[in-house]
Amino acid sequence: MRVAPPSRMTALRTVLLLSGLCFAGAATGPLHAYTFTGRTGTKVEAEIVSVSQATNTVRLRLPTGKEADVPFANVSDADQAYLRQWTPPSTTTGKAAATPAPPLKATPAPTATPSLALPKTSLFPAKTPVSTAPLGAPGETITLEFPELAKDKQDLVAACKIRLPTQYDPTKPMPLLLWFSPGQGSNDPKGGLALVDGTTWAVAAMPYPTNATLPQFALGDGKMGIIKSYHMTMLKKLIESVPNADPKLRFAGGFSNGAHCVGTYLADGDKEFTDYFRGFIIIEGGCTRKDTKKPLRNDFAYVAWGDSPGNSEGFMAGTKSALKAGHLQVTSREMKGVGHGFPAAEQSEVKMWIENVAVPGILAMKTAGQ
């Protein structure tokens with residue numbers, strides 16, 4: 001079943017409203033409701049509390065009652081023009097008499113996916129917990145070693161590391177993100193920590209083996225199977241070692257070489273991988289094939305690439321085709337002004353996608369009995 005579009009944004013935590021600016025000497029008056037349009041097409045209705053022409057910021061009050069200071073640059077050109085001529089409504093009659101808003105310019109729908117911020121809600125339905133022995137202390141990073149495997153690219157014993165949530169409770173299910181790093185790879189979970197809420201999510205990471213070239217080359221020299229076997233061996237032990245990983249909320253993602261791994265394992269339809277994970281994050285990389293061996297209609301994928309000429313968009317055409325063939329529910333974004341990178345702004349978008357699109361979508365499907 002296709003998931004219905006998320007409900008209307010009412011939370012303070014939205015890209016349109018992200019700002020740490022303060023007002024000094026801003027004009028104020030009776031509140032005036034107005035519908036603002038973000039730079040990516042997001043619309044948010046809010047009340048104008050005050051406007052500062054000196055700092056080019058506006059203080060808005062959301063329907064929740066919370067307030068935020070927003071730079072003019074975060075909203076559309078038409079909204080900026082409105083704010084520049086805005087004056088406090090008259091208070092002499094006791095009624096607000098706001099300056100009429102100019103007509104909005106007709107603008108084409110954004111080519112990139114709009115910002116995905118939504119109200120932050122409880123993501124985990126009540127369920128009977130499965131009691132298990134603690135893996136470690138809350139917030140601790142534990143290590144699963146594989147001395148029988150080839151050493152990693154840092155010439156260290158092969159190992160998968162798992163960073164436990166700071167609110168870790170072995171008797172309760174916890175969502176899990178498996179992250180594959182770029183470059184030479186790493187088993188340090190901090191690479192994926194920015195994408196999730198570390199208080200409730202566990203983050204695992206796996207390195208690349210010394211007996212194969214890096215994924216970017218292995219895709220062409222026939223060594224990708226070696227890397228896959230290396231990771232699937234680790235994944236099997238990870239599954240056995242973390243019995244309270246939430247069966248609904250398991251995600252795998254990667255950037256660059258890491259994205260090559262995620263995209264390849266997903267397209268190849270490896271049972272250990274596709275049956276265990278429900279969400280997939282592929283940043284600046286992916287697979288070479290253009291289809292998937294297994295339909296994944298109830299799973300979600302996030303794909304992003306930089307817009308530099310000759311960058312990975314052409315390469316990722318195969319990845320996007322494969323995801324479409326697998327019938328995943330895909331969110332794709334072109335990272336404007338980005339070459340081969342994964343900037344903090346895009347990491348925030350991925351985190352919001354997980355919290356507000358993929359997780360609610362997966363839970364809604366379960367609720368619907370699918």
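This short talk goes through one predicted model, beginning with the confidence of the chain and ending with its aromatic pairs.

Let me start with confidence, since this is a prediction. The mean pLDDT of the chain is 77, and 73% of its residues reach 70 or more. Two stretches deserve caution: over residues 1-30 the pLDDT stays under 50, although the model has 93 contacts beyond four places in sequence for them, and over residues 91-129 the pLDDT is likewise below 50, with 82 contacts in the model beyond near neighbours in sequence.

Turning to the chain as a whole, the secondary structure comes to eight helices and 12 strands, and of the 370 residues, 48% count as buried. If we take the contacts between residues at least 6 apart in sequence, 71% of them join residues at least 24 apart.

Next, a helix pair. How are H4 and H5 arranged with respect to each other? Helix H4, residues 224-241, packs against helix H5, residues 257-268, at an angle of about 90 degrees, and their axes are 11 Å apart. Because angles from 65 to 115 degrees count as roughly perpendicular, that is how we describe H4 relative to H5. On the H4 side the contact is made by Met224, Ile227, Lys228, His231 and Met232, while H5 contributes His260, Cys261, Thr264, Tyr265 and Asp268. Sorted by class, this contact of H4 with H5 has five nonpolar, three polar and two charged residues.

Tyr265, which belongs to that contact on the H5 side, brings me to the aromatic residues, since ring pairs link it with Phe180, Phe273, Tyr276, Phe277 and Phe280 into a cluster.

The count of aromatic pairs comes to 12. Phe251 and Trp353 form one that is edge-to-face, at 6.1 Å centre to centre and with 85 degrees between the planes. Phe251 lies in strand S9, residues 245-255, and Trp353 in helix H8, residues 344-367, so this pair ties together parts that are 102 residues apart in sequence. Both Phe251 and Trp353 are buried.

Tyr276 and Phe277 also form an edge-to-face pair, with 5.0 Å centre to centre and 85 degrees between the planes. Are these two residues buried or exposed? Tyr276 has a relative accessible area of 6% and is therefore buried, and Phe277, with a relative accessible area of 0%, is buried as well.

Note on methods. Residues are numbered from 1 along each chain as its sequence is written. This is a predicted model: local features need pLDDT of at least 70, side-chain atom pairs count only at pLDDT 80 or more; totals for chains, interfaces and linings use all residues. Side-chain values use heavy atoms; hydrogens and water are left out. Axes are lines fitted to C-alpha atoms, for helices over the stretch in contact, and angles run from 0 to 180 degrees between N-to-C directions. Helices (H or I, at least four residues) and strands (E, at least two) are DSSP runs, numbered from the N terminus. Angles under 35 degrees count as roughly parallel, over 145 as roughly antiparallel, 65 to 115 as roughly perpendicular and the rest as oblique. Contact means heavy atoms within 4.5 Å. Ala, Val, Leu, Ile, Met, Phe, Trp, Tyr, Cys and Pro count as nonpolar, Asp, Glu, Lys and Arg as charged, and the others, Gly among them, as polar. pLDDT is the predictor's confidence in each residue, from 0 to 100. Rings of Phe, Tyr and Trp (its six-membered ring) pair if their centres lie within 6.5 Å; planes under 30 degrees apart count as stacked, over 60 as edge-to-face and the rest as tilted. Buried means under 20% relative accessible area, exposed over 50%, partly exposed in between (1.4 Å probe, protein chains only).
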